[in-house]
Amino acid sequence: MRNLIVLFACSLVMSVAGANEPPAAKQAVAAKPAAAASASASATAAAKEPSIKPVLGKPAVAEKSAKADRAKEDEAELDLSERIAVRLAEMRATQAARAANAAKAQKIAEAKKREAAIIAATPPPPPPPARGTHWTYDGESGPGNWSKINVDWGKCSTGTRQSPIDLRDGIKVDLEQITFDYHQSSFREVDNGHTIMVTVGGGNFITVNNQTYELQQFHFHRPSEEKIAGKGTEMVMHLVHKSAEGKLAVVAVLLERGKAHPLMQTVWNNLPLEKLESVSPTVVLDLMEALPARRDYFTFMGSLSEPPCTEGVLYIVMKQTMQASPAQMALFSRLYPFNARPVQPTNGRVVKESN
Ligand SMILES: [Zn+2]
């Protein structure tokens, strides 16, 4: 009877303790007491069995044997109780460890949640400023997007004094004669990926508005960037000058089809074979050949007509066009069929022109 009570208590504890355990563990736990119970039962049975026979023949011996049996039974029960106690202690320890682990996991999950919330609340760092250098005259990197390619090219879209412009409704005045102090010069020539550019040796100056500028380089556009009353020409030559203070003055000479242009021919004769590799020919350029005979002009304030579109550039557009042969035009168009920025808003700029 005591055995039954212990077994009942044991199975009760097992079922309560095992409620939180995974099925496999539960099964193992359930198997153990069952085995223990059956072992105990058979042990008890084995202990009881031999005591039956002596009872029939020798009562004294039978009584003695019964006492021994009870002692054994007590011992077995004690043993079983101890094992249950040990098992219970083990299970409590396991449960405590599991609870501690669950608490730890919850703490980690909460910390991660807090961290995620902080990250979500923090605004993302601003993208690094654009520092592109590649620009073109059409497509994605064309004039409409120049300002997005590089943060330093903002004037290409926000400027109000941009070049080129359509020259119309100019104020006709007696403009002063520009002094051209051009000579024969050595030069370097490069196909810079946007145009053919010729850098000249020092000593070539213009003087206008009491300011002297030194010629730095000249280059070509096709078609002409400047328009006169809406009409452009097939090409234009831009002669870029710089003052001692760093101010820029661009002289534009419009080019139409006609007879050969001697200076252009010298430049074409010395075209570099590779892009971005400059050549230094042994011949010299006669820079006076870059200018038309008549020197009347339009003038306005504009900008570089390519990135970074810097403003504050004095423009002088010669009224008289010059000519270049169809073959000379065709040669440039093979290299640069289109390298002109569209005309920009004048925004009320004053355009003056020679009478
Ligand atoms: Zn230009």
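A residue counts as buried here if 20 or more other C-beta atoms lie within 10 Å of its own. C309 therefore makes the cut, with 26 C-beta neighbours inside 10 Å. Keep in mind that this is a predicted model. The protein runs to 355 residues, and 24% of them count as buried. It has 7 helices and 16 strands, and much of what follows is about a few of those strands and the loops around them.

**Overall picture**
- Take the contacts between residues at least 6 apart in sequence: 64% of them join residues at least 24 apart.
- The largest nonpolar core has 49 residues, and A252, V253 and I316 touch the most other members.
- Strand β11, residues 248-257, gives this core its largest share, with 7 residues.
- As a bit of background, nonpolar side chains in soluble globular proteins tend to be buried together.

**I316 and its contacts**
- I316 is one of the three residues that touch the most other members of the core.
- Leaving out neighbours within four places in sequence, I316 is in contact with I178, V208, A249, V251, Y297 and T299.

**Strands β11, β13, β14 and β16**
- β14 spans residues 311-318 and pairs with β13 through 7 bridges, with the two strands running antiparallel.
- Within that pairing, G302 has V313 as its bridge partner, while S303 stands opposite E311.
- β14 also pairs with β11, this time in parallel, through 4 bridges. In this pairing V250 stands opposite Y315.
- β14 is largely enclosed by the rest of the structure, because 6 of its 8 residues are buried.
- β13, residues 297-303, is mostly covered too: 6 of its 7 residues are buried.
- β13 has another antiparallel partner in β16 (residues 352-354), joined to it by 2 bridges. There, T299 in β13 is matched with K352 in β16.

**The loop between β13 and β14**
- P308 sits in the loop between β13 and β14, and the peptide bond leading into it from P307 is cis, with omega near 10°.
- C309 is found in that loop as well. Its phi is positive, about 60°, although it is not a glycine.
- For context, most residues other than glycine have a negative phi, and most peptide bonds are trans.

**Backbone oddities elsewhere**
- The S163 to P164 peptide bond is also cis, with omega near 0°. P164 belongs to the loop between α5 (155-158) and β1 (166-167).
- D169 has a positive phi, near 55°, without being a glycine. You'll find D169 in the loop between β1 and β2 (171-173).
- D169 counts as exposed, because it has 9 other C-beta atoms within 10 Å. C309, by contrast, counts as buried.

**P281 and its surroundings**
- P281 lies in the loop that links α6 (262-269) to β12 (285-286).
- With 15 other C-beta atoms within 10 Å, P281 comes out as partly exposed.
- Setting aside residues up to four places away in sequence, P281 touches F187, E189 and N270.
- V267 is 14 residues away from P281 along the chain, and the C-alpha atoms of the two are separated by 9.5 Å.

Definitions and conventions:
Residues numbered from 1 in each chain as written. Predicted model: local features only at pLDDT ≥ 70, side-chain atom pairs only at ≥ 80, totals over all residues. Core = buried A, V, L, I, M, F, W, Y, C linked by C-beta atoms within 7 Å. Buried ≥ 20, exposed ≤ 12 C-beta atoms within 10 Å, placed from the backbone. Contact = placed C-beta atoms within 7 Å. Pairing = 2+ DSSP bridges.
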